[in-house]
Amino acid sequence: MNNGFPDNFLWGGATAASQVEGGYDQGGKGLDTQDCKPQYFNLTSKEKNDWKYKQMTSEKYELAKTVKGIANYPFRFGSQEYTHFKEDIALFAEMGMKIYRLSISWARIYPNGDDEEPNQEGLQYYHNVFDECHKYGIKIFVTILHYAVPVHLVDAYGGWKNRKLIDLYVKYAKTLFENFKDDVDYWLPFNEINAGRFNPYNGVALIKDREPNYDLAVYQSLHHQFVANAKVVKLAHEMIPGSKIGCMIARFCHYPATCDPADQLTWLHDEQYTNWFYTDVMARGAYPKYMQRYFDEHHIQIQMEPEDADLLKNYTVDFISFSYYFTQVSTASDDWAKTDGNLVIANKNPYLKSSEWGWQMDPTGLRITLNELYDRYQKPLFVAENGLGAHDTVENGKIHDPYRSEYLLSHAKAMKEAIKDGVDLFGYTWWGIIDLVSCGSIEMCKRYGMIYVDADDEGHGTFNRLKKDSFYTYQNLIATNGSEL
């Protein structure tokens with residue numbers, strides 16, 4: 001009988017360059033789209049949750065490009081891992097991490113995105129990071145693009161709606177393969193590729209007020225990312241024989257509100273349009289039939305080149321990864337109670353508890369998700385992000401965060417049950433393993449880490465590191481490989 005986690009299960013932690021590195025103007029790095037996302041410190045939490053505040057506009061974007069320094073742009077300072085990476089990786093090793101999922105900054109390698117030659121100082125930085133990981137025997141899982149696109153590619157090309165970005169991105173990926181083929185264990189072309197739909201500025205570098213046909217621009221951009229994904233899978237397998245390259249979505253697990261057929265149909269469409277569409281293309285190799293009706297009804301006609309279908313068909317991914325934070329309700333009703341979620345507004349489930357930021361916590365949903373994904377695709381799975389954002393308090397040099405430990409252990413138990421169900425799950429990386437700037441709320445006070453960073457929302461502080469109680473919870477979970485769950 002399968003009793004849980006295999007001996008080689010990859011326990012680890014995850015971060016993104018734009019949220020953790022800082023050093024936005026050091027080492028030859030160019031400005032990217034995340035560097036341009038502002039935080040307004042005088043707003044209330046309710047005001048910050050307003051979608052109008054979160055959405056990027058041309059006015060915000062153009063202003064950001066003229067501002068020097070960190071000002072009110074927290075992604076520019078992050079957690080200062082750019083200068084603290086040796087200390088951080090030593091802490092990861094002390095925790096017992098088997099794998100570190102991190103992203104590479106496109107603008108640190110190609111400052112403008114379309115430069116002729118890569119920035120050698122940027123390449124050397126990642127060589128140094130990877131060498132430090134190898135010193136402790138930590139495997140490396142690289143996200144090639146985690147939202148942050150060099151701003152020049154927005155200004156000169158209009159973001160991912162321009163097919164020219166495919167070749168520029170493939171050139172960038174090829175540079176990474178050439179330089180790091182012996183360093184990286186797992187590759188991921190795009191973080192949460194469905195963000196192109198639920199948050200197009202993050203996902204495909206579109207600014208809504210610049211798009212006369214926003215929906216068309218979104219799906220055209222996504223098509224270009226699908227093609228780029230296939231090309232990079234092809235390139236990785238050619239350049240690095242035996243390499244493992246996957247895909248990733250932000251997994252939005254839905255429950256039908258009732259057994260009313262209208263709610264059941266809404267649930268089906270929610271699953272298809274927010275989840276399955278993306279993984280169907282990248283894991284099965286073709287656009288699913290249900291999307292054709294969606295495109296027809298929404299007057300969306302994607303421009304495709306003759307070779308695109310063969311690329312998608314022939315170069316599918318080796319594994320499927322996803323982020324998982326919360327679940328939500330599917331209903332045909334317009335007056336269902338709402339709550340916040342991962343860059344989205346979700347229908348609230350009355351049976352679940354919510355975090356301080358309104359995200360509903362549901363470990364059982366993770367087990368359901370793992371079973372659904374494996375049943376549908378029969379490909380190895382990896383939980384690339386899972387975590388809890390919360391306020392933490394330092395008391396006499398310690399941080400007691402039982403809420404985070406409870407969240408970790410309950411979700412680990414759900415994974416263990418899924419593996420016993422027969423799911424091929426080979427790894428898990430906690431988001432973010434060290435405090436970083438939250439992507440949605442753009443603040444440090446929403447802390448995910450098991451390692452505390454002494455910095456506030458405006459970048460004031462020593463940036464010293466401090467282990468939280470949850471650090472030791474995870475350390476024990478890894479050491480026992482979940483046997484005590």
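The legends below describe close-up views of a predicted model.

**View 1. Strands closing into a barrel.** In this predicted model, 8 strands close into a barrel, and their pairing is parallel. Followed around the barrel, the order of the strands is S1-S2-S3-S4-S5-S7-S11-S14. From one strand to the next, the twist averages 25°.

**View 2. The pairing of strands S1 and S2.** Strand S1, which covers residues 10-14, runs parallel to strand S2, which covers residues 99-103, and 3 bridges join the two. Within this pair, Ala14 stands opposite Arg101, a residue of S2.

**View 3. Helices H9 and H13 against the strands.** Helix H9, made of residues 164-180, lies across strand S3 (139-145), strand S4 (186-190) and strand S5 (244-250), and the helix runs at about 160° to S3. Helix H13, made of residues 261-284, packs on the sheet, where it touches S5 and strand S7 (319-323). The direction of H13 makes about 165° with that of S5.

**View 4. The largest pocket and its lining.** The largest pocket holds about 610 Å³ of space, and of the 21 residues that line this pocket, Asp270, Thr274, Gln328, Val344 and Ile345 are the closest to its centre. At least two residues of the lining are supplied by each of helix H10 (195-198), H13, strand S8 (327-330) and strand S10 (345-347). Helix H13, which also packs on the sheet, gives the most to the lining of this pocket, with 6 residues. By residue type, the lining of the largest pocket divides into 10 nonpolar, 8 polar and 3 charged residues.

Key: Residues numbered from 1 in each chain as written. Predicted model: local features only at pLDDT ≥ 70, side-chain atom pairs only at ≥ 80, totals over all residues. Heavy atoms only, no water. Pairing = 2+ DSSP bridges. Helix = DSSP H or I, 4+ residues; strand = E, 2+ residues; numbered from the N terminus. Axes fitted to C-alpha atoms, helices over the stretch in contact; angles between N-to-C directions. Contact = heavy atoms within 4.5 Å. 1 Å grid on protein atoms, 1.4 Å probe; cavity = no way out; pocket = protein on both sides within 12 Å on 5 of 7 lines; lining within 4 Å. Points joined across faces, edges and corners; volume = space filled by probe spheres on them. Nonpolar A, V, L, I, M, F, W, Y, C, P; charged D, E, K, R; others polar.
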